[in-house]
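Me: Can we walk through this one together? I'm new to it, so keep the answers short.

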Amino acid sequence: MLAGLLYLIGFQLLGHLLGALLGLPIPAAVLGLVLLLIYLLVRGQVPPALADTGAVLLPLLPLFLIPPSVGIIEYGELLRRDGVAIALALLVSLLLTFLLVPYLFQFFIRLFRR
Amino acid sequence: MSHFMNWLGAFLNSLAFAPLFGVLITLGAFLFGQKLYRTSGQHPVLQPVIIGIVLVILFLLLLDVPYSQYYQSSYLLHAMLGPATVALAIPLFQNARRIRTLLLPILCTVTVGGTFTVSVAMAILWLLDASSQSLLSMPTKSITTPIAVIVSEKIGGIPALSALCVLLTGALGAMLGIPIMNRLGIKDDGIRGLTLGLSAHALGTARALEENDECAAFSALAMSLTGVLTALVLPFVVGWIAF
């Protein structure tokens, strides 16, 4: 568990370093994710210690999201102003995506099969 | 009696300012959410995280605890968001290896489909004259919540509003996705999974898992690719538009 945590924190800090060195606007954790993915692709397998930690932490991701999400209580006024527009934008874009993406995927599968 | 109520109020209020108080109520709310989710037969709208958020909000309002106070005393949980997000590389690696042969068409679909869904949502918000804060919180709407929160923070959106958009999208997508694709006559598990993951991230993947393994693997892969690609591209796009 702890060895795996070391991997994760280590890669996040590497992501932080990379972002700072190259002046990238991308979040450190996302860069860390990409770096870890490259490391796994090169290694060809997930180290057991990392797999163990992942199995513990990933199901807890929703828990870690509660504190930032609760912040919505500070934006009542914004929700009253834009709430309807936001709900409409979410619903319409979702419906159109369901109508487009299945055919888009079929199109790309055929395109690359040639 | 009123004396007791006064005492109780004072006691709870002093508790609210104790360190780690936020961790305590968040854990309690999440565990209760998990229990309700299981007993409801895993209804997508009753996700433990959604119940947890509602319960914590009610609790803070009831005890009159300011959000900044809760935020500080629950920071331990928030701090784990980064390492847990990095861990998303593990399922991404495993699913990418499993679906190797279709990786190129999947990447193209995710890129075009992801851009499409965000553009439509932004266009509607813009037409309805929404504020710039809302506009900046929208482009992360269909990616997995941890990445959405982290990216929203970076591009000047409101992370909490982004999380709300993501959860709403996920709940709607998990409910409507399969019925719509049934109506369209889309029966292929790969296509169904990819569409669910691209549009409704983790909640769509939870729904895909109820279909079968193949559907879930495509959904999980589409979800993580959409999240990572959005996180890599969006900060640059926002930077260009805002100069």
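Me: Which residue forms a salt bridge with Arg192(B), and how far apart are the closest N and O atoms?
Reply: Glu211(B) does, with the closest N and O atoms 3.1 Å apart. Keep in mind that this is a predicted model.

Me: Are those two, Glu211(B) and Arg192(B), buried or exposed?
Reply: They split. Glu211(B) is partly exposed, at 29% relative accessible area. Arg192(B) counts as buried, because its relative accessibility is 8% and the cut-off for buried is under 20%.

Me: What about Glu211(B) and Arg207(B), how far apart are their closest N and O atoms?
Reply: They are 3.3 Å apart, and the two residues form a salt bridge.

Me: Where do Glu211(B) and Arg207(B) sit relative to each other in the helix?
Reply: Both are in helix α12 of chain B, 4 residues apart, so about one helical turn separates them.

Me: Which residues are in the network of salt bridges there?
Reply: Four are linked: Arg192(B), Arg207(B), Glu210(B) and Glu211(B). In general, side chains of opposite charge can pair when their charged atoms come close.

Me: How many salt bridges does the whole structure have?
Reply: A search over all chains finds 5. One of them is in chain A, where the side chains of Arg81(A) and Asp82(A) meet at 2.6 Å, N to O.

Me: Is Asp82(A) buried or exposed?
Reply: Buried. Its relative accessibility is 1%.

Me: Which residues does Ser134(B) touch?
Reply: Leaving out residues up to four places away in sequence, Ser134(B) touches Leu78(A), Asp82(A), Ile86(A), Leu125(B) and Leu161(B). So Asp82(A), from the salt bridge with Arg81(A), turns up again among these contacts.

Me: Where is Ser134(B), and is it buried or exposed?
Reply: Ser134(B) lies in helix α9 of chain B. Ser134(B) is buried, with a relative accessible area of 1%.

Me: Let's zoom out. How many helices and strands are in chain B?
Reply: Chain B has 13 helices and 0 strands. Its pattern along the sequence is α after α, from start to end.

Me: What does the C-alpha trace of chain B span?
Reply: About 70 × 50 × 35 Å along its principal axes.

Me: What share of chain B is buried?
Reply: Buried residues make up 55% of its 243 residues.

Me: And what share of its contacts with a separation of 6 or more comes from residues 24 or more positions apart?
Reply: In chain B, that share is 63%.

Me: Which domains does the assignment give for chain B?
Reply: Domain 1 covers 2-79 and domain 2 covers 86-241. Their C-alpha centres lie 28 Å apart. Across the two, 9 residues of domain 1 are in contact with 7 residues of domain 2.

Me: Which domains does chain A get?
Reply: Chain A is assigned domain 1 (1-64) and domain 2 (68-114). The C-alpha centres of these two domains of chain A are 27 Å apart.

Me: New topic, pockets. What volume does the largest pocket have?
Reply: About 1,200 Å³. Its lining has 40 residues, and the closest to the centre are Leu58(A), Pro59(A), Ala202(B), Thr205(B) and Met223(B).

Me: Which helix gives the most to that lining of the largest pocket?
Reply: α12(B), with 7 residues. Other helices supply at least two residues each, including α3 (48-57) and α4 (61-64) of chain A and α13 (213-241) of chain B.

Me: How does the lining of the largest pocket divide by class?
Reply: There are 25 nonpolar, 11 polar and 4 charged residues.

Me: What volume does the second largest pocket have?
Reply: About 540 Å³. Of its 20 lining residues, Val118(B), Pro139(B), Val233(B), Leu234(B) and Val237(B) are the closest to the centre.

Me: Which helices of chain B each supply at least two residues to the second largest pocket?
Reply: α8 (103-127), α9 (132-137) and α13 do. α13(B) gives the most, with 8 residues. Ser134(B), discussed earlier, lies in α9.

Me: How many nonpolar, polar and charged residues line the second largest pocket?
Reply: The lining has 13 nonpolar, 7 polar and no charged residues.

How values were computed
Residues are numbered from 1 along each chain as its sequence is written. Chains are lettered from A and ligands numbered from 1 in the order in which they are written. This is a predicted model: local features need pLDDT of at least 70, side-chain atom pairs count only at pLDDT 80 or more; totals for chains, interfaces and linings use all residues. Side-chain values use heavy atoms; hydrogens and water are left out. Domain bounds come from an automatic or database domain assignment. On a 1 Å grid over the protein atoms alone, a cavity is a set of points where a 1.4 Å probe fits but cannot get out, and a pocket is an open set with protein on both sides within 12 Å along at least five of seven lines; lining residues have an atom within 4 Å of a point. Grid points are joined across faces, edges and corners, and a volume is the space filled by probe spheres set on the points. Ala, Val, Leu, Ile, Met, Phe, Trp, Tyr, Cys and Pro count as nonpolar, Asp, Glu, Lys and Arg as charged, and the others, Gly among them, as polar. Buried means under 20% relative accessible area, exposed over 50%, partly exposed in between (1.4 Å probe, protein chains only). Contact means heavy atoms within 4.5 Å.
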